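Got your viewer open and a hand on the mouse? Let's take a walk through this one, stop by stop.

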Amino acid sequence: MKASFRLGEFEGNTTVPAQRLGAESVDTATSRALALEAAEQAITLLRNQDNLLPLDKSAKMAFIGPLADATQGLLSTYQGANTLVNNHSALHAAAALGLDVTFERGHATDINDPNRSYIPAAAAVAKAADVAVMFIGLSTLGKACEGEEHDRASTMLPGAQEPLLEAVLRAQPKTVVVLIGGGSLSVEPARHCEQCAVLYAYYPGELGGDAMINTVVGRNNPSGRLPYTLYPSNMTTHRKINDYDLRSYDGLTYKW
């Protein structure tokens, strides 16, 4: 209520700056800069084997995954109408920087689809490139795997993304895995890869594609700070996840 009074919402006080805001105050250059900064600061570096990152801008890159050209899927849930993001997928951002990119989805449009028939083409494209960059993870769109009334039964990648990741890592050891999503992912194949890097971009928002590409090529330096622990997929075999005793399992509670 204190905030509402300060905004002049109860009496319509025109001397309150917030009451004088119009359409010209929406989606300003300052707002876009803040959106990009927030996305870049949030991206977390989980692994950088043999200093694979940052990538050389002149490298021949293979962009692979159902989320490489994601737009609205970068916004998560509870977002307002946003058209800016439609031109700021990772592919859009790479093209804007003039990167040499070949795109192969390697997966059905539905992120939950287990069809593996798209994988061989993706592996071939990865092998032919200098480095593969995979955009995989979760989604809140369509037949979502994350969001209200869409709880997941596993922390593994949905659909055919797990075998897709395995196939690309076999074909191209130099692979950057960019994870998109809100919840914890175990990403088993990338935990012990030979020469790969792993970034978690979460749902990076309207300029998320730019933030991800800026990070991949070294224009943004990511941190290693996580908001939660990424456990392996067999974590529930080590403790009963519905046991709410906070003193059990050496402090590993259901909350984490």
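The tour starts with the whole chain and then moves from the N terminus to the interior.

**Stop 1: the whole chain.** Keep in mind as you look around that this is a predicted model. Show it as a cartoon and you should find six helices and six strands. If you trace them from the N terminus, the order is α-α-β-β-α-β-α-β-α-β-β-α. Zoom out, and the C-alpha trace spans about 65 × 55 × 35 Å along its principal axes. Of the 256 residues, 45% count as buried. Among contacts with a separation of 6 or more, 71% link residues 24 or more positions apart.

**Stop 2: the outside.** Switch on the surface. The chain exposes about 13600 Å², and 51% of that comes from carbon and sulfur atoms. Now color by charge: there are 21 positive and 27 negative charges, and the mean positions of the two sets are 4 Å apart.

**Stop 3: the N-terminal end.** Select Met1, Phe5 and Phe10, which make a nonpolar surface patch of about 400 Å². Met1 sits in the segment before helix 1 (2-6). Is Met1 buried or exposed? Its relative accessible area is 72%, so it counts as exposed.

Move along to Thr14, in the loop between helix 1 and helix 2 (29-42). Thr14 is exposed too, because its relative accessible area is 57% and the cut-off is over 50%. Leaving out neighbours within four places in sequence, Thr14 is in contact with Gln19 and Arg20.

**Stop 4: a cis peptide bond.** Select Leu53 and Pro54 and show the backbone. The peptide bond joining them is cis, with omega about 0 degrees. Pro54 belongs to the loop between strand 1 (44-48) and strand 2.

**Stop 5: the loop between strand 5 and strand 6.** Pick Ser186, in the loop that runs between strand 5 (174-180) and strand 6 (195-200). At 2% relative accessibility, Ser186 is buried. Which residues does Ser186 contact, leaving aside those within four places in sequence? Light up Thr155, Met156, Arg191, Tyr231, Pro232 and Ser233.

Val187 is in this loop as well, and its relative accessibility is 5%, so it is buried. Check the backbone here: phi of Val187 is near 45 degrees, a positive value in a residue other than glycine.

**Stop 6: on the way to helix 6.** In the loop between strand 6 and helix 6, select Tyr202. Tyr202 is not a glycine, yet its phi is positive at about 55 degrees. With a relative accessible area of 12%, Tyr202 is buried.

**Stop 7: helix 6.** Select residues 208-216. How many of the nine residues of helix 6 are buried? The count is nine of nine, running through Gly208, Gly209, Asp210, Ala211, Met212, Ile213, Asn214, Thr215 and Val216. Show what surrounds them: these buried residues pack against helix 2, strand 2 (60-64), helix 3 (90-96), strand 4 (131-137), strand 5 and strand 6.

Now zoom in on Thr215, one of the residues of helix 6. Thr215 is buried because its relative accessible area is 3%, against a cut-off of under 20%. Not counting residues up to four places away in sequence, Thr215 touches Ile43, Leu199, Asn220 and Pro222. For a last click, choose Gly218, which follows helix 6 and has a positive phi near 90 degrees.

Conventions
Residues numbered from 1 in each chain as written. Predicted model: local features only at pLDDT ≥ 70, side-chain atom pairs only at ≥ 80, totals over all residues. Heavy atoms only, no water. Patch = residues over 30% accessible without salt bridge, like charges linked within 9 Å, V, L, I, M, F, W, Y side chains within 5 Å. Areas by Shrake-Rupley, 256 points an atom, 1.4 Å probe, with all protein chains shown as cover. Salt bridge = Lys/Arg side-chain N within 4 Å of Asp/Glu carboxyl O. Helix = DSSP H or I, 4+ residues; strand = E, 2+ residues; numbered from the N terminus. Buried < 20%, exposed > 50% of the residue type's maximum accessible area, 1.4 Å probe, protein only. Contact = heavy atoms within 4.5 Å. Lys, Arg positive; Asp, Glu negative; His and termini not counted. Charge placed at Lys NZ, Arg CZ, Asp CG, Glu CD.
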